[in-house]
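This report goes through the interfaces between chains, the salt bridges and one helix with its surroundings.

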There are 4 protein chains.
Amino acid sequence: MSRFSQPPHPDFEAINASLAFDRRLWPYDVAQSRAHAGMLASIGAIGAEDRDALLGALDTVESELREGSFAFAPGDEDIHTAVERRVTEIAGRSGGMLHTARSRNDQVATDVALYVRDAAAAARLALGALIEVVIARAESHVDWPMPGYTHLQRAQPVYLGHHLLAYAWMFLRDRARFAAVIDACGALPLGAGALAGVNYATDRERVAGELGFSSVSPNSIDAVSNRDFALDYLAAAATAATHLSRLGAELVLWSSDEFGFCELADAWTSGSSIMPQKKNPDAAELLRAKAPRVVAHLAALHGVMHGLPLTYNKDMQEDKEHLFDTADTLALSLAAARGMLESAAFNRERMAAAAADEMIAAVDIADLLVGSGVPFREAHGTVAGLVRIAVAQGRTLSQLSDMELVEHAPGLDPQALRELLRGSGWLESKVSQGGTALVRVREQLDAVRTALAQG
Amino acid sequence: MSRFSQPPHPDFEAINASLAFDRRLWPYDVAQSRAHAGMLASIGAIGAEDRDALLGALDTVESELREGSFAFAPGDEDIHTAVERRVTEIAGRSGGMLHTARSRNDQVATDVALYVRDAAAAARLALGALIEVVIARAESHVDWPMPGYTHLQRAQPVYLGHHLLAYAWMFLRDRARFAAVIDACGALPLGAGALAGVNYATDRERVAGELGFSSVSPNSIDAVSNRDFALDYLAAAATAATHLSRLGAELVLWSSDEFGFCELADAWTSGSSIMPQKKNPDAAELLRAKAPRVVAHLAALHGVMHGLPLTYNKDMQEDKEHLFDTADTLALSLAAARGMLESAAFNRERMAAAAADEMIAAVDIADLLVGSGVPFREAHGTVAGLVRIAVAQGRTLSQLSDMELVEHAPGLDPQALRELLRGSGWLESKVSQGGTALVRVREQLDAVRTALAQG
Amino acid sequence: MSRFSQPPHPDFEAINASLAFDRRLWPYDVAQSRAHAGMLASIGAIGAEDRDALLGALDTVESELREGSFAFAPGDEDIHTAVERRVTEIAGRSGGMLHTARSRNDQVATDVALYVRDAAAAARLALGALIEVVIARAESHVDWPMPGYTHLQRAQPVYLGHHLLAYAWMFLRDRARFAAVIDACGALPLGAGALAGVNYATDRERVAGELGFSSVSPNSIDAVSNRDFALDYLAAAATAATHLSRLGAELVLWSSDEFGFCELADAWTSGSSIMPQKKNPDAAELLRAKAPRVVAHLAALHGVMHGLPLTYNKDMQEDKEHLFDTADTLALSLAAARGMLESAAFNRERMAAAAADEMIAAVDIADLLVGSGVPFREAHGTVAGLVRIAVAQGRTLSQLSDMELVEHAPGLDPQALRELLRGSGWLESKVSQGGTALVRVREQLDAVRTALAQG
Amino acid sequence: MSRFSQPPHPDFEAINASLAFDRRLWPYDVAQSRAHAGMLASIGAIGAEDRDALLGALDTVESELREGSFAFAPGDEDIHTAVERRVTEIAGRSGGMLHTARSRNDQVATDVALYVRDAAAAARLALGALIEVVIARAESHVDWPMPGYTHLQRAQPVYLGHHLLAYAWMFLRDRARFAAVIDACGALPLGAGALAGVNYATDRERVAGELGFSSVSPNSIDAVSNRDFALDYLAAAATAATHLSRLGAELVLWSSDEFGFCELADAWTSGSSIMPQKKNPDAAELLRAKAPRVVAHLAALHGVMHGLPLTYNKDMQEDKEHLFDTADTLALSLAAARGMLESAAFNRERMAAAAADEMIAAVDIADLLVGSGVPFREAHGTVAGLVRIAVAQGRTLSQLSDMELVEHAPGLDPQALRELLRGSGWLESKVSQGGTALVRVREQLDAVRTALAQG
């Protein structure tokens, strides 16, 4: 018997009901109910018979949900009521005991924490697989020269392997962030009751152990008010999505006719409804486009929590859809990044030609002067002058005559300059730790592999 | 025959496919195809027979989609290809003519513009219905005193009718904003082709007229690059949602035991899973919680468009889900606001008691002094002194003796003070335009009705 | 005498004080004080002598603030108290009368509305100047072919003039949006008092008229609770900034060595600290980077207003910095866009060469077939086959022999194909309204001019 | 000599210059220059004399900047050029050597990493101080009953100490998050050069050690492209600000006349310009209002990085203002939270009276029934019925007669019920780990202290 005398308004049910999305939580709801029932029996709050009835019913519920034969009822407001309703149908009076020493508040928080933990673990796996592809592609293109860009202007040549490995480090940081998320999910909310704790000396450690939590939340009010772990997950996902958007943007750019650095596989592109020649990098564009979506989910959950008095407020029901869509989006994006990268064909000639642009040797020419004792700023100024002359006359640097060089760049050995412009010395001279010299890139390949194995 | 030799990767299909959400656009896709076919025939680009075959097929497609019997095929990437594929199944070779002088780029932009126009119109209707409820409740509570708050501190008494009407003005501005959105959807994109226009002197005015557009977009590149109308819609929705969040927050507050100003109907509240005495204002909380979600959709679409080179990029496919969820959220929120407000029971006594707090007459006491020639700042200081004495001694202002009044507030007529504190004069003296005096509130009721009828 | 017995904590003053930023409001604060004093005298609430003393003092305050000689005092919490404090120093006892029938709540709302109105008007002016530059550059490059892109893939050739005009239409919509903002600022808040109206039959219409408002806000509670006009302004600015980010992104792209479509003027680029050959499009990059900042301001103000009970809450003090930084950012961005565009040198040859890519004629070839009665879908398939053959063999379409053409594209007249590929027919055939055919672009130039003159 | 022939446009300088804000980075710029000069000498890239000249000049620059006597020059685009310019004025030709083997790209990244590290450390300190206040107030109010709320409805009584400690756990998590930020700042970017590494076998470990970095960034491209640590900091700050907004919201609520649970100190509140009785919780409101601002900074930086091709792009200059304002806002908010909490006076009677509301014992009554073997769901239903009767008749539960109890709640011992309603048993029965029973709260106090000491 409810204290209410009116049935819910259909519009109320529509805005209030969460079953349409929170049914995804069923595996966690079943798992925690199982652990809870076992614990209740272990402290004598329910009898062994009731426990067995509950566990049996939960087994049935699990099979039904897994197989899709679970029949949701009109009154099932959310997955928690649905599961308990069905358990009671099966277990009879024992079913009514499942909610002893538990509230929907700590129950929901527990389900969500379990979900987030799994989502973070899945992200780690997918990132690992992506990093492996990055490593493989970096290795097979370890010595392909291409221009490095700043401000989208050709700046200095690098090896494609070096460029690709930059992403490996980003994704390794993402992995570490998701590891921290898993830690953030480590304190069991269950046992906090509605907000104040429960009238039983429950064995929360037992439940925690069974469900894989490393501790129990130490304050019942915080336990039901807290969604930090969800924010942590969304923040980690937002940064990962932002990284992926940079990769997507580069693949779009490199696939353009103007760059021509790579061609995405047919399997990862689409045609045009009216332009048969088109090969559109749709997946790369979507990689780019998904970051604002994930960032918006993060901002939205912050907005939901903003100014909320403790403890549980219905507002917090809004956590779920942001989490679910983020997990789906991230999974799809990581898979797409991996697939595209794995199958992309890079164009060695186009990249090499662009990297051979003499202008991008300017800093190295300046360093020639520095080597002969000229302060860097002076050397920089001298070379800028040479560049200006060459650009103004539409000539390359190596087309300047010795006389011109001697006149405009006193102290610069024309011979040394010509040698420098001829070889791949520009790349191989970047011998500093983390630099693009081949020996350094090979070092990096080892370092990335180690980091992946450890993290 | 495609230029591609590889089939799409399943992960590519998963990230690329939009059918799962863009199928909502079908009524617009069918309508524009109908108008397009008619126009093509009118300029002689296709024959009358082909047109009739197309129109017939579109009728069938429409019925199938309406009735749910439309069979989507595995290759249907989006609603546009699905409709055209089915049209071709039905109309045979004529079906292949539907895409003459049209591209998916202008087609999508047109569908989305039509959708947004409808969504804005629906929001206007729902806002109108909500405003009517606000007016009705304001009228029936026109003279119920309650405290007005600033900083959540009781500040000055107002009538509940006056307070409620504040929302009517907010919602009227929302309605005006959605009217502007409808205007922003007024230029027909169709006919822009992929981006450059088409190889036919199409009759775009005819199509515009048939589909209810007031003009045709004047630049084909802008036509397919532009999503301003979607941003306008999301911005209008965000402001409306923010308004609703304020209403929700007030209903939550007023429903608390501490305020006790109103009781929401059973039909708009829920109970607790473990606390049988609870009557939770879930719908009001959700009203509050939905604003960050809608604002996030707005920010996300800005993010998608950020830095996008012209013209169409696949990123723009991300416009749809943000729009659809916003429209659904807003519809639900407006219905919930209306339903809750309509059925809420206000507590006259609790509000009156709070409004009778003498302290909130302070500004009126200061004005008594101003009336006798004291500059406002001085008067303010004098009354602040009286308040301090009363607060320090735990007395009300009317408990101060004449002697004390004369001593601490020279120039203040004790008699006038006592009179002021006795009556409802505090409210009725707010005679300025827009003020809370009853005559002004009644004026407002008329003004709101007029504004609603006109806007 | 205050009711408080403790002085404010320094950290309280630090978080509470707004003078550091709201001093920008001084011209509005002085103007409204002037209008308010005049009105008070007109209804007899203060004497003519007091009014004159107030107006005289306000003149002095205005000069001091304009000339930078105004001395702020330690106790000046905000610009409103600073102005009133100084007025009282100058006008003596009359100064204390300025705040009669006014509260800081309606005063602030009025200042902010005046500020937003001016900021919107300034944005309109700057947009107008930018549009004029767009028109001029479009006119002088009206017939320069370049590739139009979808998915950053070359799609169809267009004229640069046509492409540039796409931005004119975006900016015209922005102008219209700011016009709506000005309207949204049209209702005078002043006279609402703290929240309930005031104890005087003030003449709000008089004040409104003097300050340029078109009406008075009809509900005193809404008047002090409302910041819709600020949200409207931020939303308009966000869309404008997003447009500018697209322009910035294109300028960055076009300035790359790979595209080489334009060279920004030295005056709008910067060099590198170590790479003397670099010419970096910094301003274009910043144009791109500023959109998220403005969008964030919009989202933040929504966040501030989220769930706020009526009426005024201190939270609303957060409106100002978001507004001010947006106005500054937008002004700078619009000036930069104009300056860069005005001085950019386009490279006719590079663009023409890219536009001559035969592949982008594919849709036109398909339309040749359509002209001979082949349904568009079939024609599309046939041409896709030709493209595939050419791509596979590394040949252009015109390098295919007649025999090959006849074999793979039965029904396609080789002669017509060769003719089509030779001329600029691809562009000139886009004769549909809004298309890129020259006659259409010239039409557009007229239309843009008319729209600018009218809007 | 520059390669440029035109001076920068004033509007370009305005949008490009960062000196107005990045001058805050000077301590880091000086420190890294010092370490860099030392390292250059150690590897023989510059002579000992030049090094000494540089170090001497850097000392002077540091003093000038610290004392405010540093004269910025018109051409100083940013703090880096200003410092180097001044070093060169002082050190002459040696000054030109400072930029050897360094680029502005790795230089900026290093400064920002150092800044973020310090900001995170400062946040940790301030959080620690705040947690200590929370502990102190929790301890002194450890056994003051108050209602715990869900949905802002009174739900179950708790002790104020328990409620306050919920915040301690939130802030401890924030501290941990900032510790992770410090780790994220641990890889030295310096030595990456513009993007490719440098032409010297620099000793990056030495520089890292001197500046307190734990490692060197392993990929030069990533080193200059990466702003993850800034995102991590903003994310940690956003969550902390969201926590603070909840505290602010509760203080506002509790300070209302209706709740009356606490009175903020005069030093942390302000009066009204026209309502002398007002005591406004401005600082608490601002605490609430600052969260959207910080979240917006986070979202904005994500927006800036969105879709950015590697490596450095000018867009990234936008990182600084978001960081700086966040650090300032957070520092102010943490100080305000601490000050307010430290000086707030709680009202024992008002809280106790609210906590004595019999209705909130309902779950405990249900547990009485559960104790006698009734399944929880049945017990819940029975008590709901009692509540309904009491509410309908305007009576409390203890006003129901034994007969009524027996009739409507068979199985419930009236005696036990009356006993339960009499004492503070409701609180003390919450004996589960983390519950509100006093012994548990005391446990928590110890646990918080330990966690603070360790973290």
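A salt bridge is taken here as a side-chain nitrogen of Lys or Arg lying within 4 Å of a carboxyl oxygen of Asp or Glu. By that rule B:Arg227 and B:Asp319 are joined through their side chains, with 2.8 Å from N to O. The two residues come from distant parts of the chain, 92 residues apart: B:Arg227 sits in the loop between α9 (220–225) and α10 of chain B, and B:Asp319 belongs to helix α12 (residues 319–343) of chain B. Both B:Arg227 and B:Asp319 are buried. The model is a predicted one.

**Salt bridges**

Over all chains, the search of the whole structure gives 154 salt bridges. Selected pairs are listed below.

| Salt bridge | Closest N to O distance |
|---|---|
| B:Arg85 and B:Asp76 | 2.6 Å |
| B:Arg227 and B:Asp319 | 2.8 Å |
| A:Glu378 and D:Arg93 | 2.8 Å |
| B:Arg177 and C:Asp232 | 2.9 Å |
| B:Arg293 and A:Glu318 | 3.0 Å |

In the pair formed by B:Arg85 and B:Asp76, the acidic partner B:Asp76 has a relative accessible area of 7% and is therefore buried, the cut-off being under 20%.

B:Arg293 and A:Glu318 form a salt bridge with their closest N and O atoms 3.0 Å apart. This pair crosses between chains, running from helix α11 (residues 282–305) of chain B, where B:Arg293 lies, to the loop between α11 (282–305) and α12 (319–343) of chain A, which holds A:Glu318. B:Arg293 and A:Glu318 are both buried.

Salt bridges also join into a network, made up of A:Arg173, A:Asp174, A:Arg177, D:Asp222, D:Asp228 and D:Asp232.

**The interface of chain B and chain C**

Contact between chain B and chain C involves 106 residues of chain B and 106 residues of chain C. About 8,600 Å² is buried between these two chains, and carbon and sulfur atoms give 54% of that area. The interface has 12 salt bridges. One of the salt bridges between these chains pairs B:Arg177 with C:Asp232, whose closest N and O atoms are 2.9 Å apart. Polar contacts across the interface number 64 residue pairs, counting pairs with both residues at pLDDT 80 or more. On the side of chain B that touches chain C, helix α10 (residues 228–254) of chain B supplies the largest share, 13 residues. Sorted by class, that side of chain B has 46 nonpolar, 40 polar and 20 charged residues.

**The interface of chain D and chain A**

Between chain D and chain A, the contact takes 106 residues from chain D and 106 residues from chain A. The area buried there is about 8,600 Å², with 54% of it from carbon and sulfur atoms. The rule finds 12 salt bridges across this interface. The side chains of A:Glu378 and D:Arg93 meet in a salt bridge of 2.8 Å, N to O. Residue pairs in polar contact across the interface of chain D and chain A number 64, both residues being at pLDDT 80 or more. Helix α10 (residues 228–254) of chain D gives the most to the side of chain D that touches chain A, contributing 13 residues. That side of chain D divides into 46 nonpolar, 40 polar and 20 charged residues.

**Helix α15 of chain A**

Helix α15 of chain A covers residues 376–393, 18 residues in total. From its first C-alpha to its last, the helix reaches 26 Å, close to the 26 Å expected at 1.5 Å a residue. The buried residues of α15(A) include A:Phe376, A:His380, A:Val383, A:Leu386, A:Val387 and A:Ile389. Among the elements that cover the buried residues of α15(A) are α14 (362–371) and α16 (402–408) of chain A. Just after α15(A) comes A:Gly394, with a positive phi of about 65°.

**A:Gly186**

A:Val383, one of the buried residues of α15(A), is 58 Å from A:Gly186, C-alpha to C-alpha, with their positions 197 residues apart in sequence. A:Gly186 is located in the loop between α7 (160–184) and β3 (187–188) of chain A. Is A:Gly186 buried or exposed? Its relative accessibility is 9%, so A:Gly186 counts as buried, since buried means under 20%. Apart from neighbours within four places in sequence, A:Gly186 is in contact with A:Phe213, A:Ser214 and A:Ser215.

Definitions and conventions
Residues numbered from 1 in each chain as written. Chains lettered and ligands numbered in written order. Predicted model: local features only at pLDDT ≥ 70, side-chain atom pairs only at ≥ 80, totals over all residues. Heavy atoms only, no water. Contact = heavy atoms within 4.5 Å. Buried area = accessible area lost by both parts, 1.4 Å probe. Polar contact = N/O pair within 3.5 Å; in protein donor to acceptor, adjacent residues only side chain to side chain. Helix = DSSP H or I, 4+ residues; strand = E, 2+ residues; numbered from the N terminus. Nonpolar A, V, L, I, M, F, W, Y, C, P; charged D, E, K, R; others polar. Buried < 20%, exposed > 50% of the residue type's maximum accessible area, 1.4 Å probe, protein only. Expected span 1.5 Å × (residues − 1).
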